[in-house]
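Here is a short briefing to read alongside the model. Take a moment with the sequence and structure, then follow the notes below.

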Amino acid sequence: MSDGNIVHVVGTGTIGEPLIGLLCDIRRELGIDEVTFHKRSAKLLDRPKVKGLLNRGASLVADDDKLEEFRELGLEPTYTAEEAIERASVVIDCTPKGVGLANKEKYYEKYKHKVKGFLAQGSEFGFGKMYALGINDEALTEKDKFIQIVSCNTHNIAVVIHTLAIEGKKNHLVDGRFVCIRRANDISQDAKFIPAPQVGTHGEGDMGTHHARDVYHLYKTMGHELNVFSSAMKVNTQYMHSIWFDVQLDKKVTREDVEYSFWRNPRVAVTHKKSANLIFSFGRDHGHYGRILNQTVVVLPTLHVRNENEVIGFCFTPQDGNSLLSSIAATEWFLYPDEYRERLRCLGPFLMQEV
Ligand SMILES: NC(=O)c1ccc[n+]([C@@H]2O[C@H](COP(=O)([O-])OP(=O)(O)OC[C@H]3O[C@@H](n4cnc5c(N)ncnc54)[C@H](OP(=O)(O)O)[C@@H]3O)[C@@H](O)[C@H]2O)c1
């Protein structure tokens, strides 16, 4: 007998932890019967996190050789790692670079005839078809078993292009330049903080960094081959990433047109605030456990139109929020391909029009 719709999340880090919590909180609306999560290390420091997720209704999964270590911490795993993958309807891999690809080779390929679909996150280039909600839904087909949710900054760049340059099947983008000004580390991390701004190199040839490369491949699934280039640097903050953009179009626009287009896009939040601090703080008070799910927050006072066809401005990246939204969208697409958009309506309160 079927166990119903089971969503299994691998990893409990910056993306995994809020995703497991959110899935539990809106399980009924999403038509999910059970949420399970795999935790790799049995650490005393992580015990409150695991207890919190168990209290919200998820079941703990651990590797065969770690079961005893979890029991010593007073935590009882319900399933072993492989068992959980085998019984899942959808598996969402939220592990760091390279681990998702290794998991695909070792486990996911083995169970792909049973599991409806597998998702991996931003750093797993090559895992499967790239996806961001609202950008390339039409590119998903029933053949797609493996999907890569693009990174947070790729979501941001993609939605700026979508708002300014894409009209149905027509692409008005002539040239898109982006500078990703990244926060040094997540507020959930102690490591990797930097004392001063650090600039990055351009390792992706004519596209600069992986952000433009990924946005190129994302749009390629829709038949668009974009002329895009990105640079990246880190600044010594733990708040949000910021992006500077310069988008040249093959049509004339006014500043009013541009502002109106951003206001109208439901996945974009607009703001008059110029500080990431204030945006972040707004999320704490009005988001889901601090997160807003928009793909970008565009700073209206920074918008500028040059030569009637070039749009320049700044925006902030809700770095885990946009990945969470697309992860849930792709999960629902696997579970309910004909009604996934309707089912996502329950997330509406966390998509802001204005911040
Ligand atoms: N951080 C962001 O804002 C952000 C935004 C968008 C997308 N992403 C993407 O999301 C993915 C995960 O990033 P993150 O920032 O959430 O990472 P993270 O905070 O470092 O968390 C990684 C998690 O993966 C687990 N893990 C590590 N190695 C594993 C292994 N070999 N097998 C099973 N589990 C393993 C860790 O478990 P233990 O703690 O138990 O060891 C931890 O729970 C990446 O692809 C990243 O590009 C991140």
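How do the residues of the shell around the ligand divide into nonpolar, polar and charged? They divide into 6 nonpolar, 13 polar and 5 charged, where Ala, Val, Leu, Ile, Met, Phe, Trp, Tyr, Cys and Pro count as nonpolar, Asp, Glu, Lys and Arg as charged, and the others, Gly among them, as polar. Please note that this is a predicted model: local features need pLDDT of at least 70, side-chain atom pairs count only at pLDDT 80 or more, and totals for chains, interfaces and linings use all residues. Residues are numbered from 1 along each chain as its sequence is written.

**Around the ligand**
- Among the 24 residues around the ligand (C-beta atom, placed from the backbone, within 6 Å of it), G11, G13, Q121, G122 and S123 come nearest.
- The ligand lies between domain 1 (6–127) and domain 2 (152–319), because both give residues to its shell; the bounds come from an automatic or database domain assignment.

**Helix 1**
- Helix 1 spans residues 16–25, helices being DSSP runs of H or I with at least four residues and strands E runs of at least two, numbered from the N terminus.
- In helix 1, 8 of 10 residues are buried, meaning that 20 or more other C-beta atoms, placed from the backbone, lie within 10 Å of a residue's own.
- The buried residues of helix 1 include L19, I20, L22 and L23.

**Nonpolar core**
- The largest nonpolar core (buried Ala, Val, Leu, Ile, Met, Phe, Trp, Tyr and Cys residues joined through C-beta atoms within 7 Å) has 99 residues.
- Helix 11 gives the most to this core, with 8 residues.

Methods
A residue is buried if 20 or more other C-beta atoms lie within 10 Å of its own, exposed if 12 or fewer, and partly exposed in between; C-beta atoms are placed from the backbone.
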